[in-house]
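Visitor: Could you walk me through this structure slowly? I'm new to this and will probably keep asking questions.

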Amino acid sequence: MESCLFVYNPLSGKGKIEKNEEKIVEALRSRYEVKVIRSQYAGHIGEVILEEKGVDLLVVAGGDGTLNETINALMHLENKPRLGYIPTGTVNDVAHSLGISKNIKKAVKTILNGQEFSHDVFKMNDRYGIYVCCAGLFTETSYATSQSQKKRMGRIAYAFHGIKKIFSTPAVKLKLYYDGGEIEGKYALMLILNSRSVAGFMINKKARLNDGMVDVVLIKSKKDKVNFGAVCRVAWFFLRGIRKKSTKHIKLLRLDKFRVITTGETIINLDGEKIGAGSFDFSVIKEGITMIVPNMRNK
């Protein structure tokens, strides 16, 4: 019988996983020998994954931040297990993109009966991500909103925090160097995407998550601080989603490797986590991990 390591964040999803742990483990044990570990502190899940080498299936329950911690650990393993995901966060963009249900029973059923999907991973300096790297307007809300607010208010907590920060957000001044050209300017928002869903918005339904490329979206700002016009452009982009061509105010690129030069004050958000400031090198690792997703997905 194959081995399964089940790790989860007991604080995520208002404690739903902890309440349903027995049922989840019972289901997994129909196919696997299961070991369960509950996260005790930030970074604990990553440590466990690196220590518990040689498992066939890794099942992780938590939000996008927990999944990012998982990916960063997996990318240091030579022999990576298949990854099953039970989404219990506030937004769950990765699960939304892959069609993985937030219903615990259905998510476990997918892990047991779904199909393997080789998902791209990207590297930003010495950190790894799976779905978004961004800077600028609204990008602070995912990590600056407190856990207690998210528990009480859900997604609305993000909106309240974002609204408070709108007109105090500085424009991102950057230079982007890639094979074939360079771009320089001031932007209200920089998005680097390997996802169909961002912040709960399905902005790129046709995105291929295993083609070795990312979508780079740069939304211009005329001022050094984001103004009303820039806010409207960002809001319009999220409502309409990615289009095929660049416009006067929105630059679109499809890239696999590039360098971004910014000021040291520019905070970078990676998969919803604050990971540093300043310049970075970016590259895509094609089909870097294998995830279990619902059957008959259009890849």
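Guide: What follows is a talk about charged pairs, one helix, one alanine and a surface patch.

Guide: Please keep in mind that this is a predicted model, in which local features need pLDDT of at least 70 and side-chain atom pairs count only at pLDDT 80 or more, while totals for chains, interfaces and linings use all residues. Residues are numbered from 1 along each chain as its sequence is written, and side-chain values use heavy atoms, with hydrogens and water left out.

Visitor: OK, how many salt bridges are there?

Guide: The count comes to 10 salt bridges, where a salt bridge is a side-chain nitrogen of Lys or Arg within 4 Å of a carboxyl oxygen of Asp or Glu. As background, side chains of opposite charge can pair when their charged atoms come close.

Visitor: What does Glu52 pair with?

Guide: Glu52 forms a salt bridge with Lys35, and their closest N and O atoms are 2.8 Å apart. Glu52 lies in the loop between α3 (44-51) and β3 (57-62), whereas Lys35 is in strand β2 (residues 32-38), so the pair ties together parts that are 17 residues apart in sequence. The helix and strand names come from DSSP runs numbered from the N terminus, with helices (H or I) of at least four residues and strands (E) of at least two.

Visitor: And Lys35, is that buried or exposed?

Guide: Lys35 is partly exposed, because its relative accessible area is 41%, and Glu52 also counts as partly exposed, at 23%. Here buried means under 20% relative accessible area, exposed means over 50%, and partly exposed is in between, using a 1.4 Å probe and protein chains only.

Visitor: What about Arg82, which residue does it bridge to?

Guide: Arg82 forms a salt bridge with Glu116, with the closest N and O atoms 3.8 Å apart. This pair links distant parts of the chain, since Glu116 is in strand β5 (residues 115-124) and Arg82 in strand β4 (residues 82-87), 34 residues apart. Glu116 is partly exposed at 47%, whereas Arg82 is buried at 18%.

Visitor: Which partner does Asp215 have?

Guide: The side chains of Asp215 and Arg254 meet in a salt bridge, at 3.4 Å from N to O. Arg254 sits in strand β13 (residues 250-255) and Asp215 in strand β12 (residues 214-220), 39 residues apart, and the pair links distant parts of the chain. Salt bridges that share partners also join Glu2, Arg82 and Glu116 into one network.

Visitor: Switching topic, which residues of helix α6 are buried?

Guide: In helix α6 (residues 104-113), the buried residues are Ile104, Ala107, Val108, Thr110, Ile111 and Leu112. They pack against several elements, including α1 (16-19), α2 (21-28) and β17 (280-293), where contact means heavy atoms within 4.5 Å.

Visitor: What does Ala230 touch?

Guide: Not counting residues up to four places away in sequence, Ala230 touches Ala188 and Lys220. Ala230 is found in helix α10 (residues 228-240), and Ala230 is buried, with a relative accessible area of 0%.

Visitor: Last one: which residues form the nonpolar surface patch?

Guide: Phe201, Trp236 and Leu239 form that patch, with about 360 Å² of accessible area together. Patches are made of residues with over 30% relative accessible area and no salt bridge, with like charges joined within 9 Å and nonpolar side chains (Val, Leu, Ile, Met, Phe, Trp, Tyr) within 5 Å. The accessible areas come from the Shrake-Rupley method with a 1.4 Å probe, and for residues only the protein chains shown count as cover.
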